[in-house]
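Open the model in your viewer and keep the sequence panel beside it. This tour tells you what to select at each stop, and what is there.

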Amino acid sequence: MAEHNVCVELVRERQKCTFEVQELIHLIDGGITATEERREVENVVCTDPRIKDVVPEEYLSHKERYENAIRKNCILQEILKKYTEKRTWDNFRPSNKYRISSGVVKDISPFMLHTGMFIPTLVNQSDDEQKAKWVPKAMSMEIIGTYAQTELGHGSFIRGLETTATYDPNTEEFVLNTPNLTSYKWWPGGLAHTANHCIVVAQLYSKGQHYGVHPFFVQIRDIETHVPLPGIKVGEIGPKLGFQTANNGFLGFENFRIPRRNMLMKNAQVLKDGTYIKSKNDKLTYGTMVFVRVIILFDLAFELSRAATIAVRYSAVRHQSQLKANEPELQIIDYVTQQHKLFIGVSTSHVFRVVGLWLWNTYVKVNADIGKGNMDQLPELHALACCLKAVCSRDAAARVEEFRLACGGHGFMTSSNLPIINGIVSASITYEGEFSVLMLQTARFLMKAWNGVLARKTLTPTVSYLSKFSNSDRVQWANTTAGIISGFQAAAAGKTKEAYAAIQSYLKPGTDYEDAWNSASVQLVSASEAHCRAILCEISWSEMQRLSKTVSPNLGKVLLELAELYLTYWSLEKRGDLLMYTTISTADIAKLQARYEELLALIRPNAVGIVDGFDIRDEILNSTLGAYDGRVYERLMEEAKKSPLNAEPVNESFHKYIKPLMLKAKL
Ligand SMILES: CCCCCCCCCCCCCCCCC/C=C/C(=O)SCCNC(=O)CCNC(=O)[C@H](O)C(C)(C)COP(=O)(O)OP(=O)(O)OC[C@H]1O[C@@H](n2cnc3c(N)ncnc32)[C@H](O)[C@@H]1OP(=O)(O)O
Ligand SMILES: Cc1cc2nc3c(=O)[nH]c(=O)nc-3n(C[C@H](O)[C@H](O)[C@H](O)COP(=O)(O)OP(=O)(O)OC[C@H]3O[C@@H](n4cnc5c(N)ncnc54)[C@H](O)[C@@H]3O)c2cc1C
């Protein structure tokens with residue numbers, strides 16, 4: 001990037017950097033070629049004049065904003081075709097490439113569900129014949145789809161969904177119906193006015209029997225005219241906290257008929273005469289959700305890297321207050337409280353990325369085994385994906401909010417982009433499985449694992465530590481990274497044991513297990529969180545250590561500092577747990593605190609270099625505060641001038657309302 005016009009603070013910060021930023025960029029992308037390919041696509045898209053907005057999207061009406069998002073995303077799809085010719089499901093790997101959508105619209109693409117859930121469901125839940133028929137059309141965007149599962153009355157409890165698909169053997173069709181107001185599909189992205197097809201998750205009935213929820217491929221609009229087909233009631237659900245351009249919709253069916261072969265039949269089937277063939281495992285219907293929960297970690301890492309870039313660069317540019325009399329005002333990044341706000345967010349982005357890659361590799365392996373009929377590892381994958389999605393989304397939202405606060409008043413400006421990123425990340429705590437609901441899924445797995453501990457069984461890899469720490473009351477503490485990881489495992493084992501005991505204590509005669517579970521559920525969520533933190537610490541440390549050996553010593557040192565900061569930060573945050581479950585002393589905690597402050601100081605000179613290492617183009621950052629050149633004040637003013645209210649010196653409301661009010665006051 002050109003160095004001219006860069007503010008003096010950022011020039012100085014970049015000179016201070018002790019490692020090669022390019023090397024970090026390549027590491028994050030997964031190699032030089034990956035960086036080159038990403039940059040090429042970004043360059044083509046971001047320099048296309050059709051992509052640039054004359055009026056910033058936040059000034060547009062709700063309707064205009066959607067139309068603009070569609071217009072620009074269609075241009076994006078057209079451009080991407082050239083670069084995604086070789087893209088197939090088989091070679092799909094999560095990468096930084098798909099970040100380009102943020103360079104097109106600031107908020108969410110109305111096509112997100114097409115790529116993120118419609119295609120993955122077609123790929124994973126259709127049989128070979130269905131796949132051959134639908135997937136190429138979806139990949140080329142000949143048809144546009146979404147994933148319609150949630151209803152007005154039910155989101156978390158999938159078994160409670162009310163939409164029905166009743167098989168009619170006379171015509172060999174399913175008849176879809178929305179029996180009540182609460183059975184309307186509600187929320188699917190792109191459903192309102194974008195998609196012409198969707199996956200509908202509905203209760204299957206055949207030969208008078210109920211077989212639970214199944215996915216169906218449903219055309220909802222005419223391909224030529226886009227008019228909703230007869231029997232389809234579809235529309236938009238209205239403005240939200242964020243996701244303004246996601247085009248979330250509602251959908252109802254009135255005796256809407258689809259061919260029998262539109263039930264996705266990889267796992268379960270309905271034969272022509274209505275005979276139902278059961279799936280090997282009925283939870284395979286939930287497969288797309290597992291996939292997306294895994295992918296969400298990359299999304300969170302990326303959104304955190306955007307927020308971090310904005311807040312760190314701004315903190316280097318911004319001067320405020322004097323630390324010592326008669327000395328210049330400090331760059332706010334030099335206040336240690338500011339470093340405390342910033343650096344954990346920077347390190348968390350790296351942690352989510354490397355743990356995300358580990359989870360992705362686990363997903364690929366388990367999925368391959370499932371393909372061969374071996375479901376043994378599905379429960380462990382599900383438990384991992386649930387707690388990691390839940391904890392990481394909640395942590396990411398907290399970190400983005402902290403970045404916003406770290407930018408003071410200017411962080412509250414939409415033009416900083418922090419409020420929009422905030423909305424995007426906050427939504428992920430709820431969608432694809434609400435936080436507590438997913439944490440309780442992991443808790444189910446932990447309770448089963450604890451039964452295994454009591455029965456002296458060999459546990460699966462991610463919970464094997466439970467056996468190690470099951471007997472000792474307080475585990476020996478050591479002020480090392482290995483000691484911290486053991487400490488987190490001891491806390492997780494202790495909390496799992498206590499949650500298990502709490503259920504037993506609530507299980508008085510006459511009490512159902514489910515009621516005892518509900519009574520103990522605060523402790524169960526706490527056990528899940530502790531388990532997840534133990535995994536985040538163990539995997540991130542081992543992965544960052546491994547990566548540090550693959551790069552130059554200078555960069556390796558920085559990676560280890562970031563990883564150690566993460567462990568130390570969370571040890572201090574969770575000191576209460578460590579005091580309960582390990583022999584940690586107040587002196588040990590003081591040492592951890594001192595090391596934490598030392599790490600902040602070590603990271604400080606490299607802070608701007610580290611966020612430069614995320615290599616996020618200005619068009620993708622979309623921020624007055626975070627641009628590469630640091631011209632914060634100029635950009636704030638330039639953006640303010642774009643306000644339609646500034647187009648005229650006196651707004652007509654003065655003559656209409658304010659002046660009469662003033663005149664009345666005179667009387
Ligand atoms: C080449 C091109 C491709 C491109 C693709 C890539 C592009 C990348 C872009 C990605 C961008 C990401 C897009 C994100 C968009 C998001 C927008 C939002 C979408 C949505 O929100 S969709 C709706 C999501 N809804 C939910 O998540 C609902 C949450 N609820 C549930 O999951 C479940 O109902 C439940 C888990 C709470 C419980 O279900 P249920 O009551 O039915 O369960 P049971 O009691 O019957 O059974 C419990 C046992 O089953 C196990 N279980 C549950 N779920 C699963 C699962 N998924 N897998 C495996 N096992 C599961 C439980 O553990 C229980 O087992 P046990 O042995 O009895 O304990
Ligand atoms: C931005 C956004 C985009 C979305 N996109 C889609 C989409 O494309 N397609 C789609 O199908 N859906 C979509 N959804 C819906 C989303 O998946 C659901 O909102 C989510 O699964 C939560 O379900 P719910 O809204 O029914 O919440 P509820 O389940 O009603 O949750 C409300 C409260 O009840 C609690 N609760 C519920 N059940 C339990 C329990 N068993 N134990 C303890 N506490 C419980 C929860 O913890 C929460 O505090 C989207 C949602 C959002 C916000």
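The stops below go from helices to a cavity, then to a pocket, in a model that is predicted.

**Stop 1: helix α8**

Select residues 336-371. This is helix α8, with 36 residues. Turn the view until both ends are in sight. How far apart are the end C-alpha atoms of α8? They are 52 Å apart. Now check that against a simple rule. At 1.5 Å a residue, helix α8 should span 52 Å, so the two values agree. The expected span is 1.5 Å times one less than the number of residues.

Next, click on G373. This glycine follows α8. Its phi is positive, near 90 degrees.

**Stop 2: α7 against α8**

Keep α8 on screen and add residues 287-317, which form helix α7. Look at where the two helices meet. Their axes come within 8 Å. They cross at roughly 155 degrees. Is the pair α7 and α8 roughly parallel or roughly antiparallel? Angles over 145 degrees count as roughly antiparallel, so α7 is roughly antiparallel to α8. The crossing of α7 with α8 is left-handed.

Now show the side chains at this contact. Which classes of residue make up the contact of α7 with α8? There are 20 nonpolar residues, seven polar ones and one charged one.

**Stop 3: α7 against α10**

Hide α8 and keep α7. Add residues 418-430, which form α10. The axes of α7 and α10 lie 10 Å apart. The packing angle is about 155 degrees. That makes α7 roughly antiparallel to α10. Here, too, α7 passes in a left-handed crossing.

**Stop 4: the cavity**

Stay with α7 and α10. How many cavities of 30 Å³ or more are counted? The count comes to one. The largest cavity has a volume of about 30 Å³. To find it, select D299, L300, E303, I424, V425, S428 and Y431, which line it. Both α7 and α10 give two or more residues to this lining. Sorted by class, the lining of the largest cavity has four nonpolar, one polar and two charged residues.

**Stop 5: α3 against α4**

Clear the selection. Pick residues 32-46 for helix α3, then residues 62-83 for helix α4. Their axes are 10 Å apart, and they pack at about 150 degrees. That makes α3 roughly antiparallel to α4. Which hand does the crossing of α3 and α4 have? It is right-handed.

**Stop 6: the second largest pocket**

Select K52, D618, E619, N622 and E639. Of the 28 residues that line the second largest pocket, these lie nearest its centre. The pocket has a volume of about 670 Å³. Now add α20 (618-621) and α21 (632-641): each supplies at least two residues of the lining. Colour the lining of the second largest pocket by class to finish. You will find ten nonpolar, six polar and twelve charged residues.

Methods. Residues are numbered from 1 along each chain as its sequence is written. Chains are lettered from A and ligands numbered from 1 in the order in which they are written. This is a predicted model: local features need pLDDT of at least 70, side-chain atom pairs count only at pLDDT 80 or more; totals for chains, interfaces and linings use all residues. Side-chain values use heavy atoms; hydrogens and water are left out. Helices (H or I, at least four residues) and strands (E, at least two) are DSSP runs, numbered from the N terminus. On a 1 Å grid over the protein atoms alone, a cavity is a set of points where a 1.4 Å probe fits but cannot get out, and a pocket is an open set with protein on both sides within 12 Å along at least five of seven lines; lining residues have an atom within 4 Å of a point. Grid points are joined across faces, edges and corners, and a volume is the space filled by probe spheres set on the points. Ala, Val, Leu, Ile, Met, Phe, Trp, Tyr, Cys and Pro count as nonpolar, Asp, Glu, Lys and Arg as charged, and the others, Gly among them, as polar. Axes are lines fitted to C-alpha atoms, for helices over the stretch in contact, and angles run from 0 to 180 degrees between N-to-C directions. Angles under 35 degrees count as roughly parallel, over 145 as roughly antiparallel, 65 to 115 as roughly perpendicular and the rest as oblique. A crossing is left-handed if the near helix is turned anticlockwise from the far one by less than a right angle, and right-handed if clockwise.
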